[in-house]
Amino acid sequence: MTDAMTEGPAAIRAEDGRDGMLGPYGSRLLHGWYATGRAADLDEHLHRYGPAPFPRTADAADRLVRAVEDAGLTGRGGAAFPTGRKLRTVAAGRGTAVVVANGMESEPASRKDETLLDLAPHLVLDGAALAAVAVGADVAHLCLPRTRQDQARALREAVEERRRRGLAPVPVLVHELPHHYVSSEETSLVRWLNGGDARPLATPPRPFEQGVGRRPTLIDNVETLAHLALIARYGPGWFSGAGRPDAPGTTLVTLSGALRTPGVYEVPMGLPLGEVMEIAGGPVEPLGSVLLGGFFGSWLPAAQTLRVPFAKQDLAPLGAGPGAGVIVAFPVRTCGLAEAARVLGHLAAQSARQCGPCRLGLPAVAADFADLAWGRPTPESIQRLEYRAGLLAGRGACRHPDGASRFATTALRVFAADVGHHLRLGPCAAAWDEPVLPVPDSPAPDDSEWR
């Protein structure tokens, strides 16, 4: 459990896991923690939810997939792809399938997956096993970063306890991977599990066609699988009882920045951004901007977005999306250009360096942005920065350049007034302030560190 989590609103309580809305904000995945204030072991998990209803026939497996489709569950790792469609595609593939639960969470501004695996590990393990049975897999892999060794040890113990008690229809193997930004990309997981580096692969084929061991592979975020475990128990109508018809269910969000009680919270999809932030106690000072999606996300002006629902359909016209549930609130006093420059420097260092946009383009954009934030920019250098940032998207072997491009271009748009100030007068005093968004001090990994 994170320190921020222990500071969450005590008013959110839940007594019955079958309720459509549990507490004022619909806690479901975190229902057990809100009810007891402690992480759930296997006995408490079984007391609260009962054993997972594993399908025992092909018809039952199909009904589970159909329930996930009817629920409208989408991926909670960032792409928001329909989970039922992924299940059905992998189940129809050639050969015995494989399931991979992605708990890497390489996004530095996110803590939701780590928190979920700490507080409700058996919901995730239920979901991984249910997904495996649904698609006909004979093994599930749970991938974590090597920086969370204590959590990996606890999960291995949980897996072994489930095996001893006959609650493991398929084996679940816990892996610890290199902790680099692009190592959580789905093809990075496949490449590493196949004995290679934890760096993205050029596609096609996609993992659902030929993934681990060249077999059809379902890769889902651990939060997505935990939702699947609840849908299997309570049905699609229960799941869609929270959120909106076009954005059903709840989601975990990591709230940070200038908020009274930063931490991981569970909220209904479609809740306005301002109300989401109020769950964390609201702003402690006037806000100037909001970053959605973390280091791969989009900057938005706070005043124009607080009433916008936190849902893919509503955020898309603004060039943004829920992503992996990261919301960072920045006060008016912040120098957004300096905040953005630090992040772009990190993204440049953490690239796989396998293609031109990452080896050449991203370091150039990061250097230009650093000059804009702390140097003496000229109209020509800013024009060059805009041109280079626009060239990144759609040219890489993975989506790393795309995310960096979106982050850079939306920063230039939202902080246009600051760009003008830096151009005329040089860096503002706030450019040297302590950052609101901490950026890991992670040097570029050498080739040996990808294994």
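**Close-ups around T334 and the five-stranded sheet**

**View 1. T334 is tucked away in this predicted model.** With a relative accessible area of 13%, T334 falls under the 20% cut-off and therefore counts as buried. As for where T334 sits, look in the loop that runs between strand 11 (326-331) and helix 15 (336-349).

**View 2. Who does T334 touch?** Start with the polar side: the T334 side chain gets to the backbone oxygen of P331, at 2.9 Å. Then skip the neighbours within four places in sequence, and T334 is in contact with E339, A430 and V436.

**View 3. Five strands make up an open sheet.** Reading across, the order is 8-7-11-9-10, and the pairing is mixed. Strand 8 (263-268) and strand 10 (298-301) are at the edges. Each has a single partner strand, so one side of each has no neighbour in the sheet. Ignoring direction, neighbouring strands here are turned by 30° against each other on average.

**View 4. Strand 7 meets strand 11.** Strand 7 covers residues 250-257 and pairs with strand 11 in the parallel sense, over four bridges. To find your place along this pair, pick out L255: opposite it, in strand 11, stands I327.

**View 5. Helix 18 packs on the sheet.** Which strands does helix 18 touch? Helix 18, residues 400-414, touches strand 9 (287-292) and strand 10. The direction of helix 18 makes about 20° with that of strand 10, and strand 10 is one of the edge strands from View 3.

Conventions. Residues numbered from 1 in each chain as written. Predicted model: local features only at pLDDT ≥ 70, side-chain atom pairs only at ≥ 80, totals over all residues. Heavy atoms only, no water. Helix = DSSP H or I, 4+ residues; strand = E, 2+ residues; numbered from the N terminus. Buried < 20%, exposed > 50% of the residue type's maximum accessible area, 1.4 Å probe, protein only. Polar contact = N/O pair within 3.5 Å; in protein donor to acceptor, adjacent residues only side chain to side chain. Contact = heavy atoms within 4.5 Å. Pairing = 2+ DSSP bridges. Axes fitted to C-alpha atoms, helices over the stretch in contact; angles between N-to-C directions.
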